[in-house]
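Work through the exercises below with the sequence and the model in view, and try each task before reading its solution.

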Amino acid sequence: MKIESRIAMGLAALMLVALYYMPFWTISMSAPQYPEGIGMHIHIDNVTGHNRHDLQSINTLNHYIGMAEIHKEDFPEFEIIPWVIGFMIGFGILVAVLGNFKLAIAWFVLMIILGIIGLVDFYLWGYDYGHNLSPDAPIKVPGMSYQPPLIGCKQLLNIKACSWPYTGSIFIGFSMLLAGGAAWYEKTKNR
Amino acid sequence: MTNNRSKSLRGLLLAAGFIAMAAFIFTGCPSQQRMLDTGDAAQKVYVAPGEHDEYYGFFSGGYSGQLSVWGLPSTRLLRVIPVFSQDPETAYGYSEETKPLFETSYGFIPWDDSHHPHISQTNGNADGRWIFINANNTPRIARIDLATFDTKEILEIPNTGGNHASSFVTSNTEYVIGGTRFSIPYEEDLDVPIDSYSQEFRGALTFVAVDEETGRMDLDFQVVVPPYNYDLGRAGKGPSADWVFFTTYNTEEAHTMLEVNASRADKDFIAAINWRKAAQLVRDGHGSTMPGEYYHNYYIGKQGYAINDIKNGVTVLDTREIDEDFIYYLPTPKSPHGVDIDPTGEYIVGGGKLATVIPVHSFSRMLEAIENGDIIDRIDGIPVLDYDSTIIGEVENPGLGPLHTEFDGQGYAYTSVYISSEIVKWSLETFEVVDRIDAYYSIGHLLITAGDNVNPEPRYMIGLTKTAKDRYLPTGPKQNHPAQLYDISGGRMQLLKDFPTIGEPHYAQAIRADKIVDRVAQIYEMEENDHPHAIRRIVDNRIEREGNVVRIFMGSTRSHFRPDNIEGIRVGDTVYVHLTNFEQEWDVVHGIAIKGANNSEILVAPGQTKTMKWEPTRTGIYPFYCTAFCSALHQEMQGYIRVSAADSDVPLTWRTGTN
């Protein structure tokens, strides 16, 4: 691999460091009673409120429809993902150092697979929270489930829930562009 | 004959017509004139739904003992802060946390007459941190925190009868002042004949130091002065920032029928005190200590519960015993009421309520007079300065009964005039009246936005009037006190709005909203709840009995209490319900009311713990419920307490959620 491609691979790996510092996903909820907005940020190792106490308020609201409370401790993913990202950073730097084209492709493909796994996992959790409702729920609307949208917006009773990638995902995007660009460059150069 | 008579009648009518026309041409029809230029008034006070006002207005409640908070210019009522009044709405003065605020050396006093709110200042401008307000009847000063809009502290002022000349702050809130309206025997509880007035009675002027970080008050010293009535006070500004000024009346030393006997003298005094020098005299050991018990009640802890700190003894400066001059009397016409200092700190305006002019003293001329020794007399060691050497102007034709003056920072002063029920605007350069406008009716104080600041904002003025009479829909023999909002941004004063207020506002202040908005708390952080009877997690709810004292450690969250079924309470128990509100969301409050409890409801803000004391006297089942419409299932937020006979052996149990 040429030096430019190796630098690009190194940068692609380092971009992922941002995920330790900022959330990569956001779910924002709007309702008449919440002019100030309310919502959650998803980090690789945590789930937090947009505002300091949003998570508590969301749990309070959710208990009326029988949804399980959202607590960081309930997600084993938060223990695993930081290691996975750490591995990808190390692997990426190794690819840059070795300059091995095949490994670069492997890194890129692995990233895509991990992304798909992440989205599927996110969907399954959303499904679980949205459908697995307590029979003691004070508010029961026949036929209603409360699965948040995977991406986009959805009206759930009085709340409009919107789910979008957040700042951390911009860095994932840059990372993929850099790695993909390097691979593309190497491939066309060798042709 | 007939012809002649009709001729003279015609002449008479003609003359009358001419006179009427002349009267109209030369004087105009004032009410119509003003009606013409209020055409855009509605637009000027309109604040669209969801939009915020530009100013906070803080109006004293007078005999209602509270402080009301208004948005200006819309005159929307934002909040009523109970200060010297029990408030069953918020349980202020009913909850165990707030009851100690009302303790005094005379016992529990749940009411007072609050007159003069004054916002803390930095460099002569209101900073929006705290607001102080006086209690007139049983002398006290309260401090309200403008982060939470609640009363945090009440300090009793000893040796004082009617703390009216209060609670004005100095330029950097070094001191908040108090002054006795009634002179009384300085040594409290002294049992003497009333006609020993001139021998035994004294006045006291109080200097309360304010901690610059916490706002906590501390009675630093009092100045003992001759037995007059000390009416109002103000701190100086800029060059006069080291001085405070008090008006006096009753220099006649009357103790009966004051309306006659205290109105005889042509001049009374404005007392000018160099507070910095007085404080230095105290630091240098010139003061003596007078015994005197007083209560200092203040909140401790992050979310606040009041305690009583009982103090004894006051440091006193007695002018009869101190050779150095730090206080001067400025003769001022006819029982002056207000004393107001212009933004430059140069002009000292007296509101001679029985005077035919508004007297204006010059601070620099006062200093010169002191320098030159223009002293015409000494009273108990206090130099009396020569009127002609301190006075710089007398405003002619101010109307009848000028009381208070505010300034716009553009060279004009605005004086409220009680008897002729108007506000007069006059120039600080020519000392001539330039405009006047009606007040409805009988105006007391007035405010200008950021008034009494070094940098007033000449936007709005409010006149606080005493009687409504026919201004609004009638509400019986006693009606709410009115206020009028004026636009003073143009050359002439323009009436924008007339609105009823709450209580009986005396003084009021307005401050730009952005000086406060960012400091306002939305919740009490549960993590910081250091109330000794708080529960940290709602699952920690429990009940503890110690003899006849039962403590219920209860939690609330939407939409239930924990616990909500309680048994084992007995007649004769003293029950404390410590309710912790676990919500951490702005404006989500819970309350609790128990049937038959001789108390108000207890309203608890998010993250706060409040306590209701309840002494059940009858056996039975006592329902309790959440008084705040907290959620969709608010009506389900309820519980039962079983009260058994005094000798019952029903065990103490509590539960939630198991039917």
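**Exercise 1.** Find the domains of chain B and describe how they meet.

*Solution.* The domain assignment, whose bounds come from an automatic or database source, divides chain B into domain 1 (55–519) and domain 2 (526–655). The C-alpha centres of these two domains of chain B lie 42 Å apart. Their contact (C-beta atoms, placed from the backbone, within 7 Å) takes 12 residues from domain 1 of chain B and 16 residues from domain 2 of chain B.

This is a predicted model, in which local features need pLDDT of at least 70 and side-chain atom pairs count only at pLDDT 80 or more, while totals for chains, interfaces and linings use all residues. Residues are numbered from 1 along each chain as its sequence is written, and chains are lettered from A and ligands numbered from 1 in the order in which they are written.

**Exercise 2.** Determine how helix 1 and helix 3 of chain A pack.

*Solution.* Begin with the two helices (DSSP runs of H or I, at least four residues, numbered from the N terminus): helix 1 of chain A covers residues 3–15 and helix 3 of chain A covers residues 77–98. Their axes (lines fitted to C-alpha atoms over the stretch in contact, with angles from 0 to 180 degrees between N-to-C directions) are 8 Å apart, at an angle of about 170°. Helix 1 of chain A is therefore roughly antiparallel to helix 3 of chain A, a term for angles over 145 degrees. Finally, the residues that make the contact include A:Met9 and A:Ala13 of helix 1 of chain A and A:Ile89 and A:Gly92 of helix 3 of chain A.

**Exercise 3.** Count the residues through which chain B and chain A are in contact.

*Solution.* On the side of chain B there are 5 residues, in contact with 5 residues of chain A.

Definitions and conventions: Two residues are in contact if their C-beta atoms, placed from the backbone, lie within 7 Å. Angles under 35 degrees count as roughly parallel, over 145 as roughly antiparallel, 65 to 115 as roughly perpendicular and the rest as oblique.
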